[in-house]
Amino acid sequence: MTMLTLRVPGMTCRHCVRKVTAVLRDVPGVQLVQADLTTATVVLRGEPTVADVLGALDEAGYPGAVLPPPTSAATPGRRAGR
């Protein structure tokens, strides 16, 4: 199972969260949707295609973008070179 993090800047209220969550749950391959209103991000787990996910968001009126996965260098408390 893969994880995909999306930035959805148009998700600005609880209604938006419900709509985005419902739309993404219907995308083939999506198994879990977790939306965070405070950061306007959505984490998906499963095996959906990026094209299907972004297409569903666009069609629903909530264009989004895929965020890069976090790197181990960005982990708090870790210093480069160690």
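Which residues on the other side of α1 are exposed? The tour comes to them after the sheet and the buried side of that helix. Keep in mind that this is a predicted model.

**The sheet**

Select the four strands. They form an open sheet in the order β2-β3-β1-β4, and their pairing is antiparallel. At the edges are β2 (30-36) and β4 (65-67), each of which pairs on one side only. From one strand to the next, the twist averages 30°.

Now select β2 with β3 (residues 41-46). These two strands run antiparallel and are joined by six bridges. To look at one position, pick A35: its bridge partner in β3 is V42.

**The two helices**

Add helix α1 (residues 14-25). This helix lies across β1 (2-7), β2 and β3, and runs at about 165° to β2. Next add helix α2 (residues 50-60), which lies across β1, β3 and β4 and runs at about 35° to β1.

**Along and around α1**

Hide α2 for a moment and go along α1 from end to end. The helix has 12 residues, and the distance from its first C-alpha to its last is 16 Å, close to the 16 Å expected at 1.5 Å a residue.

Show the side chains of C16, V17, V20, T21, V23 and L24, which are buried. They are on the same side of α1 because they cover an arc of only 165° around the axis. Bring α2 back: the buried residues of α1 pack against β1, β2, β3 and α2.

Last, turn to the other side of α1 and select R14, R18 and R25. These are the exposed residues asked about at the start.

Definitions and conventions
Residues numbered from 1 in each chain as written. Predicted model: local features only at pLDDT ≥ 70, side-chain atom pairs only at ≥ 80, totals over all residues. Heavy atoms only, no water. Pairing = 2+ DSSP bridges. Axes fitted to C-alpha atoms, helices over the stretch in contact; angles between N-to-C directions. Contact = heavy atoms within 4.5 Å. Expected span 1.5 Å × (residues − 1). Buried < 20%, exposed > 50% of the residue type's maximum accessible area, 1.4 Å probe, protein only. Arc of directions from axis to C-beta.
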